[in-house]
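The following exercises concern one protein chain. Please work through each task before reading its solution.

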Amino acid sequence: MGTVFPVDLEGDGRQETAVAAWARTDTPVAQGVDNEVVVVRDDGRVMTTLRPAELVEGQWRFPHPPALQTFFTASDLDRDGYVELVACSGHRVFFPTALFVFWPRLERWQRIALHCGQVAVVATPPAARGPGLLLYGVNNRLGFLPFAAVLALTPPRTRQELAVSGFLPSPEVGGTEPPRARYAWCTPLPKGSVPHPPTVGEDGTITVRTSWGETRLDRWGNPLEGANAGRDLQTQRLAFLRALAPLSAQGPILISPQRVLEYLAQVRADAAPLMAEAPYRAILARFGASALARVGDQRSAIRLLADTYRDIPYEDLGYRLADLEAAAGLLDEASERLVALVDNSRTPRRNDALQLLLRVAIERRDAPLVDVVSAALANVALGPVLGQPQVAAVFRARAAVWWDTPLPDSFRDEPHLLEPAAPALLMLGHWRR
C-alpha cells in the first residue's frame with residue numbers, strides 16, 4: 001500500500017516526488033521495513049528517506065505496535081522560498097498519529113508531534129504570528145470528539161538543532177515540550193465523525209465540517225456561534241486539557257471520592273468560560289466519572305455521566321455510562337442503552353459498543369443477542385464475505401466458554417484483531433471437555 005505526492009521543494013521549478021509505502025497488514029511485519037518514506041529528485045536520485053516507526057521508538061506509549069501509514073501535505077512554513085514537506089503518519093487501525101516535517105534547506109527531518117488521536121494537517125494556519133500547522137481530526141481520549149488545533153513551530157537553523165528535537169505530546173497528556181514546537185490552542189468540537197479538511201477564510205475564520213454539521217472558529221479557536229467568540233482563551237483551553245491528567249489512570253492518583261469531587265469543582269471554576277461549550281462539559285464528565293469509579297464510588301460516577309448524557313447526548317458518554325452500569329450489575333439497563341447506541345451510531349464508538357454488548361449479552365445468557373452481535377462484529381471485521389461465519393464463530397466462542405457449552409464447529413484458533421484471545425478460548429474450551 002502507498003501514496004505518491006509530487007512537489008517542488010526547492011522552488012527551482014524541478015519536481016520532487018514523495019513516496020510512502022507500508023505493509024498490507026494490521027500489525028508491523030516481523031522482518032524488514034514496515035513503513036517508509038522516500039523523496040526522489042526528477043533525475044531519480046534519492047533526496048531523503050524516513051522510517052516513521054523507527055523514529056517513534058522510545059516515545060510510543062500505546063498498547064499496540066506502530067503499524068503506520070503516511071500521507072503528505074506541503075507549504076513554505078518559514079517563508080524562505082523552500083517548500084516544507086509535512087508527513088502525517090497515522091496508525092493503520094487505531095488512532096495514534098506521528099507528525100514530521102522535512103526542511104529542504106537543511107535536508108533533514110524534524111519530529112514534530114505524537115498525538116493520541118487520528119490527525120490530519122492543513123499546512124498553514126490563519127493569521128499566523130509565525131510558522132505553524134493547522135491540525136484537525138478526532139481525539140479518541142477526549143470522547144471521540146473532533147478537534148482543531150494550531151501548532152506553532154520555531155524553524156531550525158542548524159542540523160544540530162534537529163538532532164535533539166523530540167515529539168510534542170497530545171495537549172491532554174502533558175509532559176515535557178520540545179523547544180521547537182508547541183500548541184498555540186486546541187479546541188474540541190461538538191460530536192461528529194472525522195472532519196473534512198477545514199477551510200480558512202480571508203479574515204482568519206476556520207470552518208470545520210463533520211457528519212453532524214459545521215463549526216466556525218475565530219483565530220483564537222473560539223466557536224463563532226458561542227459565548228466566547230472574540231476572546232483570547234488560548235491559554236485556558238490548553239490549561240483545561242492539562243488539568244485532566246490527575247483524573248486519568250496515568251496521572252497523579254486521587255484516592256478518595258471527596259477529593260475527586262473537589263478537584264472537579266476546581267477545574268470547573270478555573271475553566272468557567274469554557275463550561276459554556278458542551279464539549280468541555282462532556283470531556284470533564286468522562287474523566288471525572290472514570291476517576292470516581294477508580295476510587296470505588298460507582299454511584300456518583302453513574303450519576304455524573306447520566307446527568308451529563310441527558311444534557312449532551314454524545315455517543316462516548318452513552319458508551320461509558322453503559323460500561324459503568326454493566327460493572328454495577330445493571331445489565332438490563334446497559335443492554336438497552338448499548339442496543340440503541342449501536343442502532344443509531346455515527347462514530348467509531350459503534351464498534352466498541354458492539355464489543356461491550358457482546359459481553360453484556362453473555363452475562364445475561366441472551367443467546368439470540370450473542371448471535372446477532374457476533375454476526376455484526378464479523379461484518380465490521382470483514383464485510384459480507386465468505387469467511388464471515390468463521391469470524392462470527394470466534395466471537396461466539398467467548399460465550400461458549402463462559403456458559404460451559406461446546407465451542408462452535410467453525411471456530412478457528414487464529415488470533416483476530418477484534419478477538420486476540422482466540423487461542424486462549426480454544427485451550428479453555430478443550431480443557432473443559
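**Exercise 1.** Determine whether R365 counts as buried or exposed, and describe its phi.

*Solution.* Step 1: R365 counts as exposed because its relative accessibility is 54%; buried means under 20% relative accessible area, exposed over 50%, and partly exposed in between, with a 1.4 Å probe and protein chains only. Step 2: the phi of R365 is near 55°, a positive value in a residue other than glycine. Step 3: most residues other than glycine have a negative phi. Step 4: R365 is found in the loop between α9 (349-363) and α10 (367-382). Helices (H or I, at least four residues) and strands (E, at least two) are DSSP runs, numbered from the N terminus.

The model is predicted: local features need pLDDT of at least 70, side-chain atom pairs count only at pLDDT 80 or more, and totals for chains, interfaces and linings use all residues. Residues are numbered from 1 along each chain as its sequence is written, and side-chain values use heavy atoms, with hydrogens and water left out.

**Exercise 2.** Carry out the analysis for E107: state its phi, its location and its exposure class.

*Solution.* Step 1: E107 is not a glycine, yet its phi is positive, at about 55°. Step 2: the loop between β7 (97-103) and β8 (108-115) holds E107. Step 3: E107 has 29% relative accessibility and therefore counts as partly exposed.

**Exercise 3.** Describe how helix α6 and helix α7 pack.

*Solution.* Step 1: α6 (residues 298-311) and α7 (residues 315-327) pack at an angle of about 150°, with their axes 10 Å apart. Axes are lines fitted to C-alpha atoms, for helices over the stretch in contact, and angles run from 0 to 180 degrees between N-to-C directions. Step 2: α6 and α7 are therefore roughly antiparallel to each other, a class for angles over 145 degrees (under 35 is roughly parallel, 65 to 115 roughly perpendicular, the rest oblique). Step 3: among the residues in contact (heavy atoms within 4.5 Å) are I302 and L305 in α6, and L321 and L324 in α7.

**Exercise 4.** Which residues touch the most other members of the largest nonpolar core?

*Solution.* Step 1: a nonpolar core is a set of buried Ala, Val, Leu, Ile, Met, Phe, Trp, Tyr and Cys residues joined through side-chain atoms within 4.5 Å. Step 2: in the largest core, of 59 residues, these are L133, L135, L151, F240 and L247. Step 3: helix α5 (residues 278-294) gives the most to this core, with nine residues. Step 4: a second, separate core has 26 residues, including A326 and L356.
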